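User: I'd like a close look at one part of this model, with the overall fold as a backdrop. Could you walk me through it in a connected way?

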Amino acid sequence: MLKRLLTLAGASVLAFQVAAADDAQPIFVEMITNKGNITLALEPEKAPNTVGNFIQYVVDGHYDNLIFHRVIPGFMIQGGGWDSNLVPKETRAPVNIESNNGLSNDKGTIAMARTSDPNSATSQFFINTVDNAYLNYQSDNNPGYTVFGHVVDGMDVVEAIEQVPTSNRGFGRSDVPVEPVIIEKMTLIEAPKTEASPETITPAPESAPAA
């Protein structure tokens, strides 16, 4: 799978989706941050459009040197949209929501951030730090947020990021890290030796992630 993905690095998202649809195996991405590394297992069978979109941003280097710009303890950490100067990075066209795929916003899962338009997700993502069941698909009128993978290694790094001091740095809310938490690079990797399921704990209500 990884070799096929690397050959598709310069191809379209649609080409990736076609390849991914033939293989139900997870796709692994390593996120290198200035707080440590996080390994993600993505699920193309469950969310082919979303995974294809995310991987295209990875292979294009879009996430390199962006930050986690929204960090809320007991909820989630969000990144993939701004650099350390809080300058937004240009994105491609949004992808359609795939939240009704059987995956839940459990602790350790990765999902796409969006606006009030369900089909507005571009590059921003969030990692749930608790079970956030209210973010799951409820109905077509309340579609929730698309989960497309989970953390298989580095949950300690996620939890460390979750606890960094935050302040108001221009977004009108006090959830921007005082010292930038930088995504130095994201890369596709071969499958790790072992894969763990995301740990779960009791849900904690909070406002929904927005792009």
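Where does L86 lie? Please start there, then take me through the stretch around α3 and β3.

Analyst: Happy to. This is a predicted model, in which local features need pLDDT of at least 70 and side-chain atom pairs count only at pLDDT 80 or more, while totals for chains, interfaces and linings use all residues. Residues are numbered from 1 along each chain as its sequence is written, and side-chain values use heavy atoms, with hydrogens and water left out.

L86 lies in the loop between β4 and β5 (109-112). Its phi is positive, about 60°, although L86 is not a glycine. L86 counts as buried because its relative accessibility is 17%; buried means under 20% relative accessible area, exposed over 50%, and partly exposed in between, with a 1.4 Å probe and protein chains only.

As a backdrop, the protein chain has four helices and ten strands. Helices (H or I, at least four residues) and strands (E, at least two) are DSSP runs numbered from the N terminus. Their order from the N terminus is α-α-β-β-α-β-β-β-β-β-α-β-β-β. Of the 211 residues, 49% are buried. Contact means heavy atoms within 4.5 Å, and among contacts between residues at least 6 apart in sequence, 72% join residues at least 24 apart.

Now to the stretch itself, beginning with helix α3. This helix covers residues 48-59, twelve in number, and reaches 16 Å from its first C-alpha to its last, close to the 16 Å expected at 1.5 Å a residue; the expected span is 1.5 Å times one less than the number of residues. α3 is mostly covered, with nine of its twelve residues buried. Among them are V51, F54, I55 and V58, along with N53, Q56 and Y57.

Just after α3, G61 takes a positive phi of about 75°. Then comes H62, in the loop between α3 and β3. H62 is buried because its relative accessible area is 6%. Not counting residues up to four places away in sequence, H62 touches Y57, G80, K89, E90, T91 and S123. N65 is also found in the loop between α3 and β3, but N65 counts as exposed because its relative accessibility is 51%. Phi of N65 is near 70°, a positive value in a residue other than glycine.

Strand β3 (residues 66-72) follows, and seven of its seven residues are buried. β3 pairs with β4 (residues 76-83) in the antiparallel sense over five bridges; two strands pair if DSSP finds at least two bridges between them. These two strands form a hairpin with three residues between them, and G74 in the turn has a positive phi of about 75°. β3 also pairs with β10 (residues 182-189), again antiparallel, over two bridges. L66 shows both pairings: its bridge partner in β4 is D83, and in β10 it is I183.

From β10 we can look across to E30, which sits in strand β1 (residues 27-33). The C-alpha atoms of E30 and T187 are separated by 5.4 Å, although the two residues are 157 apart along the chain. Leaving aside neighbours within four places in sequence, E30 is in contact with K185, M186, T187 and I189, and also with N37, I38 and T39. E30 counts as partly exposed because its relative accessibility is 22%.
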